Protein chains: 6
Amino acid sequence: MPYVNIKITREGATPEQKARLIKGVSDLLYDVLGKDPALTFVVIDEVALEDWGVGGLPVEEHRRRRAGG
Amino acid sequence: MPYVNIKITREGATPEQKARLIKGVSDLLYDVLGKDPALTFVVIDEVALEDWGVGGLPVEEHRRRRAGG
Amino acid sequence: MPYVNIKITREGATPEQKARLIKGVSDLLYDVLGKDPALTFVVIDEVALEDWGVGGLPVEEHRRRRAGG
Amino acid sequence: MPYVNIKITREGATPEQKARLIKGVSDLLYDVLGKDPALTFVVIDEVALEDWGVGGLPVEEHRRRRAGG
Amino acid sequence: MPYVNIKITREGATPEQKARLIKGVSDLLYDVLGKDPALTFVVIDEVALEDWGVGGLPVEEHRRRRAGG
Amino acid sequence: MPYVNIKITREGATPEQKARLIKGVSDLLYDVLGKDPALTFVVIDEVALEDWGVGGLPVEEHRRRRAGG
């Protein structure tokens, strides 16, 4: 009975893409470990860009610097 | 000093119901383990239906199929 | 289909006590929100004392200072 | 830069199986959302059977009852 | 490659304050453990007051009682 | 009343280093947001190397490839 939490930045993932994530993760746990999808929970969290940091910076600022000269 | 995280689908839980969850969990940790409620944190997350999967499907689709013929 | 994560310090909770936590939380979610226990997951994490901090201190040091003169 | 947490019961998953989960989830996030695997973290938690509950029971007891007459 | 999740009550933290949290935590992990900030993720969750409990009460009610006579 | 969860790979962090993380995070939340350290919880999780993935690989394999020719 796995529980999977997927955190992504909030940038327009559609319900269809989320459904693909849910199906893909459930299939993966069945294929690798034989876990029954009926008892696999998947929870997706979309995180606002200002709430996600990497490289010591909010993600937008981080991208700007990587893209910049 | 327990920390409890409760994730439920977002389907209209009221502030009163949330207060009952907070009280109930805090009481339970006191009754079973003697934990001081003053140091018990409870955080409730309401998750949009499209962000919760079970049985390899978003929860609404999952319910539809179970209800269906 | 709730998911509940309970974090407590590792201080000798028994399997029987954990079973009471699992039952208590599942009952609570049924009583307050009508959630089917068959789809309620509870995961308990026991955290070593050195890995839990409060008041800016590891929990054992924190307790010592509160108990101390 | 997704972060994925996979919780499974501790029942002998091998390092090879874990590597397949890590690769599978990273590929999935790339395929569905174009996420760069270099910035996808996957953390697997194995949870002792006595620490996982479903149906209001620790998972072993839950399985016993489902299997039983 | 640390992952840090900071949960705070939703009470008006600004993007600038969040950026300071992200930088501060990343610096701390570098200073204490030598962790490369490029591989340190920080995710901030703001939690509505009605969704956070302490002392067996939603946080607003808890504050009111502590402040009250 | 913040709650902070720090996940790091299990590679020998000492109790002293963990105490510095706990103090540093609690100080940071006080400095930036005025949060009372008495109500700041910090939980540190050390994750086995085989349970942490990045770049689609378990972290040790990932490091080997980055270091390798």
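What follows is a chat between a visitor and a guide about this predicted model.

Visitor: Let's start with chain A. In what order do its elements run from the N terminus on?

Guide: Chain A has two helices and four strands to put in order. Starting at the N terminus, the order is β-α-β-β-β-α.

Visitor: What radius of gyration does chain A have, next to a compact globule of 69 residues?

Guide: The C-alpha trace of chain A spans about 50 × 20 × 20 Å along its principal axes. For a compact globule of 69 residues you'd expect a radius of gyration near 11 Å, but the value for chain A is 16 Å.

Visitor: What share of the residues in chain A is buried?

Guide: To count as buried, a residue needs a relative accessible area under 20%. Among the 69 residues of chain A, the buried share is 55%.

Visitor: And what does chain A expose, and how much of that comes from carbon and sulfur atoms?

Guide: The exposed area of chain A is about 2,900 Å². Of that area, the part supplied by carbon and sulfur atoms is 48%.

Visitor: How far apart are the mean positions of the positive and negative charges of chain A?

Guide: Chain A carries 10 positive and 11 negative charges. Take the mean position of each group, and the distance between the two is 4 Å.

Visitor: What share of the contacts in chain A with a separation of 6 or more joins residues 24 or more positions apart?

Guide: Here we look just at contacts whose partners have a separation of 6 or more. Pairs 24 or more positions apart account for 65%.

Visitor: On to salt bridges. How many are there over all chains?

Guide: A pair counts when a side-chain nitrogen of Lys or Arg is within 4 Å of a carboxyl oxygen of Asp or Glu. Over all chains, the count by this rule is 60.

Visitor: Which elements does the salt bridge of Lys7(C) and Asp45(C) link?

Guide: The side chains of Lys7(C) and Asp45(C) meet at 2.8 Å, N to O. The two residues are 38 residues apart, so the pair links distant parts of the chain. Lys7(C) is in strand S1 (residues 3-9) of chain C, and Asp45(C) is in strand S2 (residues 41-47) of chain C.

Visitor: Are Lys7(C) and Asp45(C) buried or exposed?

Guide: The cut-off for buried is under 20% relative accessible area. Lys7(C) comes in at 7%, and Asp45(C) has 19%. Because each value falls under the cut-off, Lys7(C) is buried and Asp45(C) is buried.

Visitor: Where do Arg65(C) and Glu61(C) lie?

Guide: Arg65(C) and Glu61(C) form a salt bridge, with their closest N and O atoms 2.8 Å apart. They sit four residues apart, about one turn of the helix. Both are in helix H2 (residues 59-67) of chain C.

Visitor: Why does Arg65(C) count as exposed or buried, and what about Glu61(C)?

Guide: Exposed means over 50% relative accessible area, and partly exposed is between that and 20%. Arg65(C) has 54%, so Arg65(C) is exposed. Glu61(C) has 24%, so Glu61(C) is partly exposed.

Visitor: How far apart are the closest N and O atoms of Arg65(F) and Glu61(F)?

Guide: Arg65(F) and Glu61(F) both lie in helix H2 (residues 59-67) of chain F, four residues apart. Arg65(F) is exposed at 54%, while Glu61(F) is partly exposed at 23%. In their salt bridge, the closest N and O atoms are separated by 2.7 Å.

Visitor: What does Ser26(E) touch, leaving aside its neighbours within four places in sequence?

Guide: Ser26(E) lies in helix H1 (residues 15-33) of chain E. At 0% relative accessibility, Ser26(E) is buried. Its contacts are Gly56(A), Pro37(E), Thr40(E) and Val42(E).

Visitor: And which residues does Ser26(C) touch, not counting those up to four places away in sequence?

Guide: Ser26(C) lies in helix H1 (residues 15-33) of chain C. It is buried too, at 1% relative accessibility. Its contacts are Pro37(C), Thr40(C), Val42(C) and Gly56(D).

Visitor: Last one: how far apart are the closest C-alpha atoms of chain B and chain D?

Guide: No contact joins chain B and chain D. Their closest C-alpha atoms lie apart by 14 Å.

Definitions and conventions. Residues are numbered from 1 along each chain as its sequence is written. Chains are lettered from A and ligands numbered from 1 in the order in which they are written. This is a predicted model: local features need pLDDT of at least 70, side-chain atom pairs count only at pLDDT 80 or more; totals for chains, interfaces and linings use all residues. Side-chain values use heavy atoms; hydrogens and water are left out. Buried means under 20% relative accessible area, exposed over 50%, partly exposed in between (1.4 Å probe, protein chains only). The radius of gyration is taken over C-alpha atoms; the globule rule is 2.2 Å times the number of residues to the power 0.38. Contact means heavy atoms within 4.5 Å. Accessible areas come from the Shrake-Rupley method with a 1.4 Å probe; for residues, only the protein chains shown count as cover. Lys and Arg count as positive and Asp and Glu as negative; His and the chain ends are not counted. The place of a charge is taken as NZ of Lys, CZ of Arg, CG of Asp or CD of Glu.
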